[in-house]
Amino acid sequence: MHCKICLQSIEKDTTWSTLFDFRERTLCLSCDEQLEKIREPTCKKCMKRTEEKLCSDCMFWEQHLGEDPLDRNISIYTYNEYMKEMMSRFKYRGDYEIVYAWKDSFQQAFHAHFSKGIHLLPIPLAESRIFDRGFNQAEALARLLDQPLFAGMIRTGQEKQSKRTKWERLSAKNPFELIETPPENVIIIDDLFTTGSTVRFAAQLLKKAGAKCVSSLTLVRS
Amino acid sequence: MNANPWSPRFSGKRLLKNELNLSETVFQGLLKKGNLIEIPGIKEMFFYNECQRCHTRKPSHFGKIPTETNQPIPHKKLRSTKSITYCRNCIQMGRVSTYEPLYEWNGPASRPPKMKQPSVWRGELTPLQSKAADAMVEAIRNQSTLLIHAVCGAGKTEMLYRGLWIAFRNGFRVCIATPRADVVRELAPRLRRDFPSIEVAALYGGTQDVDVNAHLVVATTHQLLRYSKSFDVMIVDEVDAFPYHHDKSLPKAVARSVKPCHALIYLTATPRLDLKMASRLKQIQTISIPLRYHGHPLPLPKLSQVFKLHQHLQKGTLPKKITHWIEQRKAAKRRFLLFVPTIESAHALSKKLNIPYVHSESSNREELIHHFRNQRYEALITTTILERGVTFPSIDVAVIGADHDVFDEAALIQIAGRAGRSADDPDGDVTFFYNVKTKAIVKARQYTELKNLEGKKFKKEFD
């Protein structure tokens with residue numbers, strides 16, 4: 001077994017408890033240590049780190065959109081320096097296999113907060129980006145979970161979120177379009193949750209088309 | 001000068017499409033003309049894959065990207081395959097995969113112009129240095145292989161000048177490859193100063209320099225992965241250092257980056273077994289330089305045993321012997337380097353002694369080294385990253401925990417070689433603190449004794 005991040009082999013002491021443990025490990029201890037999980041207290045809704053019950057971002061969205069289309073966001077890691085580096089290797093260098101490093105924690109988070117059988121919607125990617133990268137990072141994450149995927153959404157608008165300010169993101173047009181009717185319950189899967197505008201744009205469309213409960217599961221909350 | 005405008009940029013390189021940085025029409029045109037040839041990124045053999053850039057074959061270094069997805073990937077070649085195989089070992093330089101091939105220049109080759117007067121350097125070489133320099137000139141003329149086995153502080157850089165001079169006069173392309181980026185940063189300005197009319201490109205991770213048909217490329221070994229059949233003269237500095245041994249892919253990269261007819265020069269103070277054997281069997285011509293450029297013997301490491309040293313380090317306390325050594329340095333106003341085996345112990349010691357520390361992951365590594373060199377700091381704690389290549393004029397050195405695995409014979413010899421480098425202050429104190437005397441410690445001391453003996457003989461001959 002090799003660590004998916006540092007490519008070193010993972011050594012494991014053989015004890016009675018590990019002898020019959022055939023689970024595949026994908027992360028070594030030293031790499032795991034550097035990934036920082038989100039700790040309490042956080043916003044109830046979007047897991048932003050805050051002392052208040054509902055963070056200012058979520059309050060703002062409620063005012064801005066009248067009703068927040070997103071019911072809940074679950075994130076796992078914080079966006080520390082190490083995570084930034086991993087993300088850039090994953091997304092900009094196109095290192096697909098790194099996704100397996102987060103497999104365990106992503107699956108755990110899913111099972112802790114959601115029930116099986118709900119459709120997953122990976123945020124679609126613009127065609128030019130998928131051409132460069134060769135994969136959609138949100139879909140790579142969604143495939144870790146072994147749940148049915150919903151593929152009825154396409155991206156029409158061009159984006160590069162990370163280069164935009166908050167206000168530019170808010171005032172942008174909805175970049176998505178629905179081409180199929182969504183199921184009742186949907187979980188949106190994405191890699192990063194920053195202001196939540198991307199996820200909320202998608203959620204807005206889903207709700208309008210008749211979805212009842214739209215949550216999101218994102219790897220990183222920054 | 002050259003008929004083909006792209007030739008200087010791409011001649012002798014092996015690059016990805018986005019590294020070529022060409023517009024689609026120009027790119028297609030060059031491909032059609034046969035000036036660029038496509039090389040499959042991953043060689044798929046029956047039992048293994050091989051990355052055609054970094055030459056790794058380890059199965060764990062390859063990843064797969066599935067192509068059957070929700071959102072179809074708009075690429076016609078992909079329709080038939082289930083997944084793309086890509087190399088994870090060299091992904092920091094851009095992804096090489098079964099559908100992202102590498103490109104090599106196949107058009108008219110370009111050579112750097114011949115220089116009439118490449119150097120302004122007017123220094124003198126010692127008789128020993130001169131011997132090595134002549135051997136190197138010979139090797140460049142005959143395009144053969146040479147091993148220069150010179151002790152630390154023998155003045156290796158100056159030895160190269162005569163050979164470089166000849167190479168530049170003949171319009172040869174020269175590469176100096178070294179395992180560490182710190183060394184590139186130190187070496188390149190020195191060479192630019194002494195060869196002002198020469199085009200020098202310093203390549204390491206995060207550099208701004210580009211190599212457009214430069215006379216001289218000073219690069220870390222990883223940067224060699226972007227070259228193919230490029231250099232007439234290849235100088236490999238510190239052949240024995242980490243990433244070279246245990247890693248077959250870098251020697252392969254060196255072999256690929258030179259032209260079919262080339263001169264290959266290895267520089268080292270501590271050759272590994274394979275080179276030693278080749279040299280004993282007279283397969284490689286060898287020049288041995290046992291004396292430093294200032295003619296003084298190497299400082300002999302003092303051995304000092306400290307009981308329960310590692311327990312002390314874990315607790316964050318310091319044994320008396322070591323505090324005494326440090327106090328002695330401070331009283332004598334001597335600057336010193338403390339080598340420790342691990343980053344954690346560097347951190348703990350730094351807190352205790354109030355001395356800054358550097359390690360391979362320090363974000364301000366260059367700055368700290370720079371400050372120590374400028375005498376802003378009196379002392380510095382370091383892991384093995386400063387073991388070789390860097391020169392601080394007049395310092396003392398101690399290794400705390402010299403019996404740790406990271407300090408092998410070569411590392412200890414190199415560390416001892418940091419002391420007494422300047423002619424004004426040829427003696428530095430070198431002390432190894434250890435709990436258990438290891439073979440490496442004994443060997444490192446024997447090596448120093450042996451070299452000093454050899455040096456004495458040479459001195460007698462020349463006097």
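**Two interfaces, one inside chain A and one with chain B**

Hi everyone. Between domain 1 of chain A and domain 2 of chain A, the count is 4 residue pairs in polar contact, with both residues at pLDDT 80 or more. On the domain 1 side of that interface, the residues that touch domain 2 divide into 3 nonpolar, 2 polar and 1 charged. Please keep in mind that what we're looking at is a predicted model.

Let me step back to where these domains are. The domain assignment puts domain 1 of chain A at residues 1-34 and domain 2 at 36-221. Their C-alpha centres lie 29 Å apart. As for who touches whom, 6 residues of domain 1 are in contact with 9 residues of domain 2.

How much area do domain 1 and domain 2 of chain A bury between them? About 850 Å², and 49% of that is on carbon and sulfur atoms. If you want names, look at A:Lys4, A:Ile5 and A:Gln34: these supply 68% of the area that domain 1 buries against domain 2, more than any other three residues.

A:Lys4 comes up again in the electrostatics. The rule finds 1 salt bridge across this domain interface, and the side chains of A:Lys4 and A:Glu97 meet in a salt bridge at 2.9 Å, N to O. The cut-off is 4 Å, so this pair qualifies.

Now let's turn to chain B. Here 26 residues of chain A are in contact with 22 residues of chain B. The two chains bury about 2000 Å² between them, with 49% of it on carbon and sulfur atoms. Which three residues supply the most of chain A's buried area against chain B? They are A:Leu7, A:Arg93 and A:Phe131, which together supply 30% of it, more than any other three.

On the polar side, chain A and chain B have 10 residue pairs in polar contact, again with both residues at pLDDT 80 or more. The salt-bridge count between the chains is 1. The side chains of B:Arg88 and A:Asp95 meet in a salt bridge, with an N to O distance of 2.9 Å.

And which element of chain A gives the largest share of the side that touches chain B? That's helix H6, residues 127-133, with 5 residues. Taken as a whole, the side of chain A that touches chain B divides into 12 nonpolar, 4 polar and 10 charged residues.

That's my tour. Thanks for listening, and I'm happy to go back to either interface.

Methods
Residues are numbered from 1 along each chain as its sequence is written. Chains are lettered from A and ligands numbered from 1 in the order in which they are written. This is a predicted model: local features need pLDDT of at least 70, side-chain atom pairs count only at pLDDT 80 or more; totals for chains, interfaces and linings use all residues. Side-chain values use heavy atoms; hydrogens and water are left out. Contact means heavy atoms within 4.5 Å. Buried area is the accessible area (1.4 Å probe) that two parts lose on being put together, summed over both. A polar contact is a pair of N or O atoms within 3.5 Å; within protein, one must be able to donate a hydrogen and the other to accept it, and residues adjacent in sequence count only if both atoms are side-chain atoms. Helices (H or I, at least four residues) and strands (E, at least two) are DSSP runs, numbered from the N terminus. Ala, Val, Leu, Ile, Met, Phe, Trp, Tyr, Cys and Pro count as nonpolar, Asp, Glu, Lys and Arg as charged, and the others, Gly among them, as polar. Domain bounds come from an automatic or database domain assignment.
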